[in-house]
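Trainee: I am new to this structure and would like a close look at a single part of it, namely the cysteines and whatever bonding there is between them. Could you take me through that part slowly, and set it in the frame of the whole?

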Amino acid sequence: MAGGGILTHGGAGKDYPGNLTRYVLITCIVAAMGGLIFGYDLGISGGVTSMAPFLRKFFPSVYRKEAVDSSTNQYCKFNSQILTLFTSSLYLAALVASFFASMVTQNLGRKISMFLGGLIFLCGALLNALAQNISMLIIGRILLGIGVGFATQSVPLFVSEMAPHKYRGALNVCFQLCITVGILVANLVNYGTNMIKGNWGWRLSLGGAAVPAVLMVLSSLWVSETPNFLIGRGNYSLAKRKLQRIRGVDVDVQAEYDDLVAASEALKQVKHPWSNLKMRKHRPQLVLAILIPFFQQLTGINVVMFYAPELFKTIGFGSNASLVSSAITGGVNVAATFLSIYGTDRWGRKKLFIGGGIVMLVFQSAVAALIGTKFGFSGDATELGKSYSGVVVSCICLFVAAFACSWGPLGWLVPSEIFPLEIRSAGQSIVVAVNMLSTFVIAQGFLVALCFAKYLLFVAFAVCVLVMTLFVIFFVPETMNIPIEEISRVWRTHWYWKRYVDEDDNGARISPIEMI
Ligand code: BGC
């Protein structure tokens, strides 16, 4: 079938044959390595910016102010917007880069996008590790952001196109698994380098990003282009051979191949994917591409990822607080992602979204209540006591676990599989841009918002989780087990979205004949 949200020949309910071949398994796992660079960065910068030698060298005034900060108010810690901006500038760079990445992915291929992402990230890592002054640090940071923008734009899309539809969920979640592994490794690296004598441990932390970058470069050289892209470039016979190799030698790929060709024909009609995105028939995809990554960040997950060490210190952990907290939350984050790998193609995206949402709601509310009960509005320090701290930590871990098997992976998977080919690349850029912008706002605004709203901030996150769970129940269709170029059929049977795909831009009904 063609894309464009229009069901074409063949009708609904197609089920292309395809095995989980060793080739496709390795290809997708290798591509998912792109998640490592994103995860490593999410995990590394918070730790580095709290290292005294790093602060003394690049942010001496912040270092001096932090040293004299004697506030006992747990909600209003010293907070430098400039220092936070250093961390979160990466997300702004990634946001801008995702639009360029879209053009590269669409015109030059998914492979080139992944390769460029890894290479640029590598340059950023080296520049940061060798930084002598703040300019080197910031240019390095921007390069890292560009790398992340390219990786998050191209990898989920690549995997969604490569994977047989029955395993698309599980293979795509490997991307999220790599993000979580990257975060965990970065936290452990920070703990180790912080103990290095001689004031240069931070260089190792920042330079360590070169390892996932090299892995990504090598991976991108090894994987082959997706049949979807090859057909778009007119390489029909190569595309067919690739498809055969990907799906298995004994599989009849003709039907899937024909549909990919049809989707590619639709792609050729599209001169401006960006303006096509605005068309009424693409409204469901556009709304989901904006709201899913936005909601993913409104769960408050990055408050835990960025501020866990501070949070755990506040509730009574001692000097090893950073390692303990990052090891616990990071480990839970990785482990729970496996549940999603197992469940996404068996139980469906919606069940995981809703189940995870309910568990997050319960434990986010519990954290708000526990913090509110002890610190009240004043935020004055009180000893929490071992068992009370233990309960808070357990609630945070259960919250992280619920995120890791629902909104974490699905926040990337679902948007990557809902767009028709002709606007897939542009659509994925929107997803990345919204995700990065929301991450930037959370990173930059959390400490200020906490000082202002106190424990009610956690109540606000809980309310957001409730709203997004309701949104999933009513507006997110199930996409499990549907071939990617067949996805448009889910809108046509959806109680709300069908009115968009059944009408043209002027609101006139499209007759079933026109849809064919
Ligand atoms: C999110 C990140 C988050 C990570 C935690 C990802 O899906 O996009 O913002 O830090 O999950 O594992």
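Mentor: What follows starts with the whole chain, goes on to the cysteines, and ends with some other residues.

This is a predicted model, in which local features need pLDDT of at least 70 and side-chain atom pairs count only at pLDDT 80 or more, while totals for chains, interfaces and linings use all residues. Residues are numbered from 1 along each chain as its sequence is written, and side-chain values use heavy atoms, with hydrogens and water left out.

The protein has 25 helices and zero strands, where helices (H or I, at least four residues) and strands (E, at least two) are DSSP runs numbered from the N terminus. Its C-alpha trace spans about 70 × 45 × 40 Å along the principal axes. The radius of gyration is 23 Å, which agrees with the value near 24 Å that a compact globule of 516 residues would have; this radius is taken over C-alpha atoms, and the globule rule is 2.2 Å times the number of residues to the power 0.38. Of the 516 residues, 59% are buried, a word that means under 20% relative accessible area, with exposed meaning over 50% and partly exposed in between (1.4 Å probe, protein chains only). If one takes the contacts between residues at least 6 apart in sequence, 82% of them join residues at least 24 apart, a contact being heavy atoms within 4.5 Å.

Now to the part you asked about. How many disulfides are there by the distance rule? The count comes to one, a disulfide being a pair of cysteine sulfur atoms within 2.5 Å. The partners are Cys76 and Cys451, whose sulfur atoms are 2.0 Å apart. The torsion about their S-S bond is about 100 degrees, so this disulfide is right-handed. Because Cys76 lies in the loop between helix H4 (60-68) and helix H5 (81-107), whereas Cys451 lies in helix H21 (residues 421-453), the pair ties together parts that are 375 residues apart in sequence. Cys451 itself is partly exposed, with a relative accessible area of 27%.

Other cysteines stand apart from such a bond. The closest cysteine sulfur to that of Cys28 belongs to Cys174 and is 7.7 Å away, which is too far for a bond, and Cys28 is buried, at 0% relative accessible area. For Cys178 the closest cysteine sulfur is again in Cys174, at 6.9 Å, and that too is too far for a bond; Cys178 is buried as well, with a relative accessible area of 12%.

Cys395 is found in helix H19 (residues 386-404), and its relative accessibility of 7% makes it count as buried. When residues up to four places away in sequence are not counted, Cys395 touches Phe363, Ala366, Val367 and Leu370. Its C-alpha atom is separated by 14 Å from that of Gly300, a residue 95 places away along the chain.

The end of the helix that holds Cys451 leads on to another residue worth a look. Lys454 is in the loop between H21 and helix H22 (456-475), and it counts as buried at 14% relative accessibility. Its phi is near 55 degrees, a positive value in a residue other than glycine. Most residues other than glycine have a negative phi. Asn199 likewise has a positive phi, of about 65 degrees, although it is not a glycine. Asn199 is placed in the loop between helix H8 (168-194) and helix H9 (201-207), and is partly exposed, with a relative accessible area of 46%.

Two buried residues within helices complete the picture. Thr337, in helix H17 (residues 321-343), counts as buried at 0% relative accessibility. Leaving aside neighbours within four places in sequence, Thr337 is in contact with Val173, Gln176, Leu177, Thr180 and Ala404. Ser45, in helix H2 (residues 34-48), is buried with a relative accessible area of 2%, and it touches Thr87 and Arg141, again not counting residues up to four places away in sequence.
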